[in-house]
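Grab a viewer and work through these exercises with me. Try each task before you read its solution.

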Amino acid sequence: MKIYTKTGDKGQTSLIGGRRVSKADHRIDSYGTVDELNSWIGLVRDQPVNDTRRELLKEIQDRLFTVGATLATDPEKVIRKPIPDIIPEDITLLEQSMDQMDAELPELRAFVLPGGHPSVSYCHLARTVCRRAERLVIALSEDSPVDELVIQYLNRLSDYLFVLSRKMAQELDAEEVAWKPRV
């Protein structure tokens, strides 16, 4: 099977369900950004500091494929092959993981500047892409139905990535720089 189909050469693509839409459609931008986020999570997963979290990060990547498939599905069509859903337990897993990491971190008393170590910076980049994906999905939801759990999952995932960046900094003995606004 060839990867290229040439069907998108004029700026159109198909949703799951067959409807053709512009590649600039909010739905395409949303799931494209989720795909970008998934790539960043892969880079975060590949960092040696995350060896013990590798399986959880793979599970998050799997959930992001679920989110992408959900967003790529035409809400006006009945789909014959069911698409997996995000379920409340997916969000709970992120919350429990954050709680475990947070229990081992110093209390947060200020905003933290991204950086301190390349691995930590990758995690912050993933977090900001996650926030962008969340904003795009919320914008999409204003025009078209979007599963509420998808928005909740992306919101919680960005929180998870922030806590993970702090935990990675701690484990790498990297400096966590508090933002001190000039007065």
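**Exercise 1.** Find out what the side chain of arginine 166 reaches at 3.0 Å, and place that residue in its surroundings.

*Solution.* Start with the side chain: it goes to the backbone oxygen of proline 106, 3.0 Å away. That fits a polar contact, meaning N or O atoms within 3.5 Å, where within protein one must be able to donate a hydrogen and the other to accept it, and residues adjacent in sequence count only if both atoms are side-chain atoms. A quick note on what you're looking at: this is a predicted model, in which local features need pLDDT of at least 70 and side-chain atom pairs count only at pLDDT 80 or more, while totals for chains, interfaces and linings use all residues. Residues are numbered from 1 along each chain as its sequence is written, and side-chain values use heavy atoms, with hydrogens and water left out.

Next, the element: arginine 166 sits in helix α5, residues 148–171. Helices here are DSSP runs of H or I with at least four residues, strands are runs of E with at least two, and both are numbered from the N terminus.

Now check exposure. Arginine 166 has 5% relative accessibility, so it counts as buried (buried is under 20% relative accessible area, exposed over 50%, partly exposed in between, with a 1.4 Å probe and protein chains only).

Finally, list the company. Skipping neighbours within four places in sequence, arginine 166 is in contact with Asp102, Leu105, Pro106, Glu107, Leu108 and Glu176; contact means heavy atoms within 4.5 Å.

**Exercise 2.** Take three salt bridges, starting with the one between lysine 58 and glutamate 55, and say where their partners lie.

*Solution.* First the rule: a side-chain nitrogen of Lys or Arg must be within 4 Å of a carboxyl oxygen of Asp or Glu. That gives 15 salt bridges.

Pair one: the closest N and O atoms of lysine 58 and glutamate 55 are 3.3 Å apart. Both residues belong to helix α2 (residues 54–72), 3 residues apart, or about one turn. Lysine 58 is partly exposed at 38%, and glutamate 55 is exposed at 54%.

Pair two: aspartate 90 bridges to arginine 63, with 3.6 Å between the closest N and O atoms. Aspartate 90 is in helix α3 (residues 88–102) and arginine 63 in helix α2, so this pair ties together parts 27 residues apart in sequence. Both aspartate 90 and arginine 63 are buried.

Pair three: glutamate 171 meets lysine 167 at 4.0 Å, N to O. They're 4 residues apart in helix α5, which means about one helical turn separates them. Glutamate 171 is partly exposed at 38%, whereas lysine 167 is buried at 6%. Shared partners then link Arg53, Glu104, Lys167 and Glu171 into one salt-bridge network.

**Exercise 3.** What kinds of residues make up the lining of the largest pocket?

*Solution.* Go through the lining: Arg27, Thr70, Leu71, Thr73, Asp74, Pro75, Ile83, Asp85, Pro145, Val146 and Asp147. Sorting these residues gives 5 nonpolar, 2 polar and 4 charged.

**Exercise 4.** Zoom out and describe the whole protein.

*Solution.* Count elements first: there are 5 helices and 2 strands, in the order β-β-α-α-α-α-α. Then get the extent: the C-alpha trace spans about 50 × 35 × 35 Å along its principal axes. Of the 183 residues, 41% count as buried. Last, look at sequence separation: among contacts between residues at least 6 apart, 73% join residues at least 24 apart.

Definitions and conventions
On a 1 Å grid over the protein atoms alone, a cavity is a set of points where a 1.4 Å probe fits but cannot get out, and a pocket is an open set with protein on both sides within 12 Å along at least five of seven lines; lining residues have an atom within 4 Å of a point. Ala, Val, Leu, Ile, Met, Phe, Trp, Tyr, Cys and Pro count as nonpolar, Asp, Glu, Lys and Arg as charged, and the others, Gly among them, as polar.
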